[in-house]
Each structure stands twice: as C-alpha cells, then as structure tokens.
Amino acid sequence: MTTKKSIGIVGARGHTGAELIRLVTAHPQLELAFVSSRELAGQRVADHNDAYRGELRYENIGHDEVAAKGADVVVLALPNGKSAEIVAGIDAAAPQTLVVDLSADHRFDPAWYYGLPEITRDRYAGQKRISNPGCYATAMQLAIWPMLEYLAGPPQCFGVSGYSGAGTTPSDKNNVELLRDNLMPYALADHIHEREVSTQLRVPVEFMPHVAPHFRGITLTANLWLTEPVKADWVRARYEQRYAGEPLVEVVEQAPWVSRIAGRHGVEIGGFTVAPGGKRLVVVATLDNLLKGAATQAMQNINIALGFDELASIPVKE
C-alpha cells in the first residue's frame, strides 16, 4: 500500500480553503494533517465542509508553529502580504516541505516556481516552493498565450469576476446589496494581475477588472492586435493545437458563458472573432476563480511536485 502524503492548509476558512479540503478529501494519496483558521479554531472540519468525514478540527496555529506540524505539503491560502513569517519558519526548520502559496507574495520571485501547468509545466524541476497564479492572471495567460508571437501591441483585457474573488473579509466588492443589479469596476490600471501577466508573458498587458453580483466564475475578454491578418478558423485551430492533450482546457466555437463554468474545474476558451482587416482578434475565456483560478490549479501543482497523476482528485468531466 502506498503511504499517503500529509497536507496542511493555512487559511482554511476562506472559499478557496474549502475547495482545497474537498480536493484533498477525494485524493487517494493525500490526507489532511491540519487546517488552520483563527475564526473556526476548535470546530470540526466536517461541520463546515460536507466533503470531509473525519474528526479533524480547525486549529489556530501561530505562523511560527506551522513548520513544527511536520506536514509533507503546506498550502498557504492567505491574503496577500501574510506569508513571509510562515515561509521563513519552514525554510529554517523544514526546508524539504513542499509549500504552495496561493497569494501574490511570491509570484514575482524567481526563486519560486510559477505554476500554471498548461504553460509552465516544462519549467518544473523539483522546486519545493511553488507560487500559484492569480485567478484573472490564469484566464488572461491562457487566452493570450497561443497568439503571443503575433501580438502587435499590449493585449487589452476586460474581466468580470463573481464576488467570491473578493474573499470573506467584508468589503464593497463582496457586499451583495451593493452589487445587486450592478457591475463594480476597480483597480483599472496597475492591478497586481496586470503586472503578473506582463511579467510572465514578457509583454505589457492592460487589464480592467470588475465585480458582478454572481458568486463564482470569471469572464475574461481579451482584445488582441496582431502583426498580420488572420482568419477565425485558423485562430481556433491554433488554440486547439496549443491545448491538445490539456484536459482542463476546452476550446469552444461560441463565446463561453460564466454560468456554465461555475463549479467546474477547467477553462473554456472561444468566441474567436476577427475584425475587418484581420488584424484585431477578440477571445473570451471563462473559469471558476475558486477552482482552476485557485484550488484546482494548486492541486495540479501539488500532484506534479509529488509525482502523482496531475489530475488526481480533479474531476475532468463534471
């Protein structure tokens, strides 16, 4: 019998933490070692997550105490700017621990592997520190990447996310009453995901994010100016070729709908529209911000790092 690897989640109260618990529970080779949440400390995980059946309870674990828990894998599902003390403690006391950070804290650190498997899988070389891409950044990169060599200027990306992307800490961006019948623009220039994608793709990208009244799911519309004219059929064939063999990326003809991606683990890319003259292309990508935009991608990265089937515990066809 294969010995299971243990995994701990820091910041397990949030939406992404809950999805990670579901994925770990379904995984044949992983088991939960601990789940950390200050607000839920002492309460049974099973009382808050219907996928988990064990007796594990949430713990309020100090940042300097995480390394001592001895988990093979630690996932940091914390807000930006909160990981440094935990990572420093693991580096000092348990450097062989696999650490996956879901925040933006290490996405610009070349010492960390940036894990967007469909694009960066061949760059993984056994690194123990993995930075999980942002949700919008995942959608943008997957929408732009197949046309990267044909870009004539910065892609312009219009994004709309469900309010779960704003986390559980109360704010205007997850206030259901303020969002009712509304579309809320924010951080319309220099958004951290704009910088992230520009860094990773090595081209400037312009990004305009919005929050909508739905709970989960991202729609990302990318406007791409090209160096030479193309036809829509050629573009679709190119995307199909680039993502052939990628079970979590589905290339579709019509522009995908966010309502059809919510709760699913993959990405839909389609709606390939070429303007008159052939040098302006519009592409639409949708994904669930809590899944492929966070928890599912983290599980892909964990599986790759541990030598498991990349899609272990991830339902490909929901």
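## Ground rules and the annotated span

Helices and strands here are DSSP runs, with at least four residues for a helix (H or I) and at least two for a strand (E). Keep in mind that this is a predicted model.

With that in hand, take residues 6-127: the span is 20% helix and 20% strand, and its end C-alpha atoms sit 18 Å apart. In UniProt, an unreviewed entry annotates residues 6-127 as "domain: Semialdehyde dehydrogenase NAD-binding".

## The open sheet

Further along there's a seven-stranded open sheet with mixed pairing. Reading across, the strand order goes 9-10-8-11-14-13-12. Strand 9 (184-185) and strand 12 (249-251) are the edges, each pairing on one side only.

Let's look at the strand 12 edge. Strand 12 and strand 13 (residues 267-274) run parallel and are joined by three bridges. Within this pairing, Glu250 faces Glu268 of strand 13. As a reminder, strands in a sheet pair through backbone hydrogen bonds, either parallel or antiparallel.

## The cysteines

How many disulfides does the model have? The count is zero. Cys135 is in no disulfide, and the nearest cysteine sulfur belongs to Cys157, 13 Å away. Cys157 isn't in one either; its nearest cysteine sulfur is that of Cys135, again at 13 Å. A disulfide needs the two sulfur atoms within 2.5 Å, so at 13 Å Cys135 and Cys157 don't qualify.

Are these two cysteines buried or exposed? Cys135 is buried, because its relative accessible area is 15% and the cut-off for buried is under 20%. Cys157 is buried too, with a relative accessible area of 0%.

Methods. Residues are numbered from 1 along each chain as its sequence is written. This is a predicted model: local features need pLDDT of at least 70, side-chain atom pairs count only at pLDDT 80 or more; totals for chains, interfaces and linings use all residues. Side-chain values use heavy atoms; hydrogens and water are left out. Buried means under 20% relative accessible area, exposed over 50%, partly exposed in between (1.4 Å probe, protein chains only). UniProt positions are given in the numbering used here, feature names are shortened, and annotations may be inferred rather than shown by experiment. Two strands pair if DSSP finds at least two bridges between them.
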